[in-house]
Amino acid sequence: MLGWFPGHMNKARRQIKDALPEIDVVIEVLDARLPYSSANPMLAELTRHKPVLKILSRADLADPVRTDEWVAFFDAQADTRALAITTTQTRELKKIPKLCHELAGAVRADRDVRVMVMGIPNVGKSTLINGLAGRKIAKTGNEPAVTKRQQKVRIDGRVALIDTPGVLWPKIEDQASAYRLAASGAIRDTAIEYTDVAIVACAELAKRYPAELTARYKLKALPTYAAPESDDVDADGPKRPDFLALAGFDGHAILKEIAGKRGGLRPGGEVDLHRGAEVLLHELRDGKLGRVTLETPADIPPPPEQNDQDSPALSDA
C-alpha cells in the first residue's frame, strides 16, 4: 500500500475545505491515460455537493477510443461534464469558460463564476491555468507537487479561477491505481520501487497494447505468466494482488529483454533491470510508445463496504 502525504498537502486539503462554500464550480484535472486512478477520492468527498467539470488532460498521449469512453462515463453522472484536451492547445481551452457557466447556472451579473481548479500532482493543472490566462501565472514542472499554495486569477469569459496545490491522499488503497500513478509520474520516483513499477507496467502494456510494446522495443515475443501455487500471505495481511497473473504476461521477462536491448547489458551478460525500468517509464511518460490508456471504466473496482467510521482522509485531526 503506497502512502505519501507531505505536510503541505494536508494544509492544502484544509484550505480547499475552507474555500469551497464560496465556489460555484469545481474543475478537476485528470490524466486522460488514467482518469480513475488520477481522481483523488478525498477531493470527490469534499466537493460532492458542487458541479464538476472533469478535464482529461494530456489527451494527445491517450488512446482516443478509450478517452471517448471516459468522457461518456463522466457525462452520464449528475452535475458533471467532461472535456478531453491538450492543455497547450488554446482552441480547446476556449470551451472551458462556457462549460463553467453552464454548470454554475444562475450567477449574479455583477460577479464572475468562481471556479476552483483541483487535481493530484503532475496532471497539468498549472499548464491549464496558464493557458486559460494567456500568460504564465502558475509554476509548471515535470515533478509532482510544484504548486504549493492557492492562487487566484481572472480569465476571459467572466470566470475567476482559484488554483490549489496538487493533493494526494494519505494511503492509496487500490494497488492497481498506485502502480498506474507511479508509472505516470504522479508519485515521486524516490517514493516507489522503480523496477517493480516497470515490471507491472510491462505486463499491463503487453495486455492492452501488445503491438505498440513489441514494435517499440523490437521484442521477439511477449511471454505469458501464470501465478505460482502458494498459500503465502504478507506479514501485514492477506496476499496482495499478483498483477502479472491478472494481466497474464511476464512483466519481469519483458523488462529484462528491454533492458538488454537498451543499454542495460553489463559485462558477463548480467542485465541491469533498473536501466530497463528507466527506459520504459520515461518513454511511457513521454508518449513514445504511442497513445496508450492504462485503464477503462470497466477497471473501476466495486465500492468498498461502508462502515460507521469516518474516512481518515477526511479527518481534521
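Here is a short chat about a cavity and a helix crossing in this predicted model.

Me: What makes the empty space in this structure a cavity rather than a pocket?
Reply: Good place to start! A cavity is a set of points where a 1.4 Å probe fits but cannot get out, whereas a pocket is an open set. The structure holds one cavity of 30 Å³ or more, and the volume of the largest cavity is about 40 Å³.

Me: Which residues line the largest cavity?
Reply: Arg33, Leu34, Ala183, Ser184, Leu284, Arg285, Val292 and Leu294 do. Two elements, α7 (175-184) and α12 (273-285), each give two or more residues to that lining.

Me: How do you know which class each of those lining residues belongs to?
Reply: Ala, Val and Leu count as nonpolar and Arg as charged, while Ser falls among the others, as polar. The lining therefore has five nonpolar, one polar and two charged residues.

Me: Why are α8 and α12 called oblique to each other?
Reply: The axes of helix α8 (residues 194-208) and α12 cross at roughly 60° and come within 9 Å. Angles under 35 degrees count as roughly parallel and 65 to 115 as roughly perpendicular, so α8 and α12 are oblique. Their crossing is left-handed.

Me: What makes the contact between α8 and α12?
Reply: From α8 come Tyr194, Thr195, Val197, Ala198, Ala201, Cys202 and Leu205. On the α12 side, the residues include Leu273, His274, Ala277, Glu278, Leu284 and Arg285. By class, the contact divides into 11 nonpolar, three polar and two charged residues. Happily, Leu284 and Arg285 link our two topics, since both also line the largest cavity.

Notes:
Residues are numbered from 1 along each chain as its sequence is written. This is a predicted model: local features need pLDDT of at least 70, side-chain atom pairs count only at pLDDT 80 or more; totals for chains, interfaces and linings use all residues. Side-chain values use heavy atoms; hydrogens and water are left out. On a 1 Å grid over the protein atoms alone, a cavity is a set of points where a 1.4 Å probe fits but cannot get out, and a pocket is an open set with protein on both sides within 12 Å along at least five of seven lines; lining residues have an atom within 4 Å of a point. Grid points are joined across faces, edges and corners, and a volume is the space filled by probe spheres set on the points. Helices (H or I, at least four residues) and strands (E, at least two) are DSSP runs, numbered from the N terminus. Axes are lines fitted to C-alpha atoms, for helices over the stretch in contact, and angles run from 0 to 180 degrees between N-to-C directions. Angles under 35 degrees count as roughly parallel, over 145 as roughly antiparallel, 65 to 115 as roughly perpendicular and the rest as oblique. A crossing is left-handed if the near helix is turned anticlockwise from the far one by less than a right angle, and right-handed if clockwise. Contact means heavy atoms within 4.5 Å.
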